[in-house]
Amino acid sequence: MSESVRRKITVPAIRARKGAGPPIVALTAYDFPSAAALEEAGVEIILVGDSLGMVVLGYETTLPVSMDVMVHHTAAAARAKPSALLVADMPFLSYHGSREEAIRNAGRFVQEGGAEAVKIEGGRRRAGTVRAIVEADIPVMGHIGLTPQAFHAMGGFRVQGRTSDAVQELLDDVRALEDAGAFSVVLEGMPAEAARLITSTAGIPTIGIGAGPYCDGQILVLHDLLGWGAGPSPKFVRRYAELRRTTVEAVRSYASDVRSGRFPSAAESYPAANGETAGGGASAPKRRAAPLERSDEDDLES
Ligand code: KIV
């Protein structure tokens, strides 16, 4: 079956991948073209992550990201109509107050954003909220280990689960999320052996990021994978492209062509109708062509 006609990937389908089949392929996307590209590439979960605050909006942490921003980007990704499962990340403080507020915010992602599930950071402390959202029929993906919204509490972006006590806490967190009805859980920033132990005991799929090879699936931030960010990548990232370098080179070539008059060429310009001269024979403007008028017969591609 070609990727373009693949079946819709649902929450039960992801849940059924626990211990079965190849690792689940997940990636972040924050807009229409990137979600469409991920879909074409056959990704199984598209996460509209609040990492967009850092890689798209230029903040130093994910903490300033609001509900409105997340819903806006989720709706853009949803317009790609992916058969991949579309998960929206609940931003900082959108699920930390009352259960009612958490349900209302999760519901906005479904009603306004077109998401099929939401993701929440935190383990045992969030279990009651996860249960409430799941009981409202909104599927929840958990997220434990390095949870970026706890940046200040963790003292920075720090690897978690490095001692046996810390691993036991993570095991307790996953158990609580699973009991609360989460359908999967992201394991971020922890030793591979910790993630292996958690994956072998959890009854739901684990999706790793900086958590080694033993998870049920893997996720990366798209901009990291593409080399589209400004600085160096974290150790766990594999860059499959150098988009920033490619972009700078392409824009430099464009600038050079514009400055030297090589762009646009005759092939990139429109002829006047039947040999007439645009402007009725008036002398041509020095730097800019007259604005193109579009009629029903004009086709910008020809
Ligand atoms: O916001 C995000 O992109 C995430 C992934 C890194 C899991 O939470």
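Strands S1 (residues 24-28) and S2 (45-48) pair in the parallel sense over three bridges, where pairing requires that DSSP finds at least two bridges between two strands. Helices (H or I, at least four residues) and strands (E, at least two) are DSSP runs, numbered from the N terminus. Threonine 28 has leucine 47 in S2 as its bridge partner. On its other pairing, S1 runs parallel to strand S8 (residues 217-220), joined by four bridges, and here isoleucine 24 is matched with glycine 217. S8 also pairs with strand S7 (residues 206-209), again in the parallel sense, over two bridges; glycine 208 stands opposite glutamine 218.

A word on the model itself: this is a prediction, in which local features need pLDDT of at least 70 and side-chain atom pairs count only at pLDDT 80 or more, while totals for chains, interfaces and linings use all residues. Residues are numbered from 1 along each chain as its sequence is written.

Back in S2, Ile45 and Leu47 point one way and Ile46 and Val48 the other, and all are buried, meaning that 20 or more other C-beta atoms lie within 10 Å of a residue's own (exposed is 12 or fewer, partly exposed is in between, and C-beta atoms are placed from the backbone). In a regular strand the side chains alternate between the two faces of the sheet. Ile45 and Ile46 turn up again in the largest nonpolar core, a set of 70 residues in which they, Val87, Val118 and Val185 touch the most other members. Helix H8 (residues 164-180) gives the most to this core, with five residues. Such a core is made of buried Ala, Val, Leu, Ile, Met, Phe, Trp, Tyr and Cys residues joined through C-beta atoms within 7 Å. Valine 87, neighbours within four places in sequence aside, is in contact with Ile45, Leu47, Ala115, Glu116, Ala117, Val118, Lys119 and Met141; contact means C-beta atoms, placed from the backbone, within 7 Å.

Helix H4 (residues 67-78) packs onto some of these elements too. Its 12 residues reach 16 Å from first C-alpha to last, close to the 16 Å expected at 1.5 Å a residue, with the expected span taken as 1.5 Å times one less than the number of residues. Met70, Val71, His73, Thr74, Ala77 and Ala78 are buried in H4, and the buried residues of the helix pack against helix H2 (32-41), S2, helix H3 (52-55), strand S3 (85-89) and helix H5 (99-111).

The ligand is surrounded by Thr28, Leu47, Gly49, Asp50, Ser51, Asp89, His143, Val186, Glu188, Ile209, Ile219 and Val221, a residue being near if its C-beta atom, placed from the backbone, lies within 6 Å. This shell divides into five nonpolar, four polar and three charged residues. Here Ala, Val, Leu, Ile, Met, Phe, Trp, Tyr, Cys and Pro count as nonpolar, Asp, Glu, Lys and Arg as charged, and the others, Gly among them, as polar.

A few backbone oddities round things off. Phenylalanine 263 and proline 264 are joined by a cis peptide bond, with omega about 0 degrees. Phenylalanine 263 sits in the segment after helix H11 (243-260) and counts as partly exposed because it has 13 C-beta neighbours inside 10 Å. Aspartate 137, in the loop between helix H6 (127-135) and strand S5 (140-145), has a positive phi of about 65 degrees although it is not a glycine.

Technical notes. Contact = placed C-beta atoms within 7 Å.
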